[in-house]
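Let's walk through this fold together, one question at a time. Keep the viewer open and follow along.

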Amino acid sequence: AVWLAVLMLPVFALAEEAQSVTVKVDDKLSITVNVPDGYAFDQTWYGDVLYAQMKPEEEGKLLMVLSLGYSEEYADRSINDLSDEELDSLISVSDFANPTYTLSETAEGTKLIIVDENSENDEYAEIFTVYQGYFIGLLLEPAGDVQVSQEELDLAVQFLSDMQFVHTEA
């Protein structure tokens with residue numbers, strides 16, 4: 001039994017790695033994300049901005065869309081470096097019809113802005129932050145006319161908490 005357990009370790013390691021995806025953002029940065037169980041990762045680029053969909057493999061689950069691009073406005077600064085006025089300005093950028101704003105943070109203490117749409121017709125939420133000049137957003141779109149649940153928000157915050165940034169010298 002012990003021998004079998006030792007032989008199975010590489011299989012479990014491979015299974016764990018299969019859920020991790022690395023994307024080269026530009027010459028200076030790559031990100032590694034852990035794709036949640038039951039989701040497929042699909043990336044698209046619009047200019048220098050990454051849009052990566054985490055599509056649920058099961059109908060009725062939440063769709064998540066990660067966007068990430070460099071912003072000269074926040075060059076080399078992170079959200080925790082912003083003044084209260086800059087944070088308010090960042091919050092006001094969202095173009096939701098009837099939003100509620102909440103401040104949260106990743107497991108590592110990086111501030112997150114959670115904007116939740118409170119429309120009767122269209123439900124979605126977005127979580128965004130700034131990391132060393134890179135604007136990062138995670139759009140959450142539930143299936144059907146249901147509200148984004150706290151469990152789904154927690155999943156999204158965990159996804160952002162697990163994101164790793166790998167810097168390279170240009």
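Q: Which residue in S5 stands opposite Met54?
A: Bear in mind that this is a predicted model. Strand S4 covers residues 49–56 and strand S5 covers residues 63–70, and the two run antiparallel, joined by five bridges. Met54 falls in the S4 stretch, and the residue facing Met54 from S5 is Met64.

Q: What is the order of the strands in the open sheet?
A: There are seven strands here, and their pairing is antiparallel. The two ends of the row are strand S3 (39–46) and strand S6 (99–105), each of which pairs on one side only. From one strand to the next, the twist averages 20°. Reading across, you get S3-S4-S5-S9-S8-S7-S6.

Q: Which residue in S9 is the bridge partner of Leu66?
A: S5 and S9 run antiparallel and are joined by eight bridges. S9 also has S8 as an antiparallel neighbour, with seven bridges between them. On that S8 side, Ile127 is bridged to Leu138. Over on the S5 side, the partner of Leu66 is Leu138.

Q: Which residue in the turn between S8 and S9 has a positive phi?
A: Strand S8 spans 125–131 and strand S9 spans 134–141. They form a hairpin with two residues between them. The one with a positive phi, about 45°, is Gln132.

Q: At about what angle does helix H2 run to S7?
A: H2 takes in residues 84–92 and lies across S6, S7, S8 and S9. S7 itself is residues 111–117. The angle between H2 and S7 is about 35°.

Q: How many residues does H3 have, and what span does it reach from its first C-alpha to its last?
A: Helix H3 is residues 150–162, lying across S3, S4, S5, S6, S7, S8 and S9 and running at about 155° to S9. Its buried residues are Glu152, Leu153, Ala156, Val157, Phe159, Leu160 and Ser161. At 1.5 Å a residue you'd expect 18 Å, and the model comes close to that. So the count and the reach of H3 are 13 residues and 18 Å.

Q: Which residue forms a salt bridge with Asp42?
A: A search of the whole structure turns up three salt bridges. The one with Asp42 links strand S3 to strand S4, so it ties together parts that are 13 residues apart in sequence. Asp42 is partly exposed at 35% relative accessibility, and its partner is partly exposed too, at 36%. With the closest N and O atoms 3.6 Å apart, that partner is Lys55.

Q: Is Asp27, which forms a salt bridge with Lys24, buried or exposed?
A: The closest N and O atoms of Asp27 and Lys24 are 3.6 Å apart. Lys24 has a relative accessible area of 55%, so it counts as exposed. Asp27 has a relative accessible area of 55%, and the cut-off for exposed is over 50%, which makes Asp27 exposed.

Q: What is the N to O distance in the salt bridge between Arg77 and Glu86?
A: Side chains of opposite charge can pair when their charged atoms come close. Arg77 is partly exposed, with a relative accessible area of 25%, and Glu86 is partly exposed at 27%. Their side chains meet with an N to O distance of 2.8 Å.

How values were computed. Residues are numbered from 1 along each chain as its sequence is written. This is a predicted model: local features need pLDDT of at least 70, side-chain atom pairs count only at pLDDT 80 or more; totals for chains, interfaces and linings use all residues. Side-chain values use heavy atoms; hydrogens and water are left out. Two strands pair if DSSP finds at least two bridges between them. Helices (H or I, at least four residues) and strands (E, at least two) are DSSP runs, numbered from the N terminus. Axes are lines fitted to C-alpha atoms, for helices over the stretch in contact, and angles run from 0 to 180 degrees between N-to-C directions. Contact means heavy atoms within 4.5 Å. Buried means under 20% relative accessible area, exposed over 50%, partly exposed in between (1.4 Å probe, protein chains only). A salt bridge is a side-chain nitrogen of Lys or Arg within 4 Å of a carboxyl oxygen of Asp or Glu.
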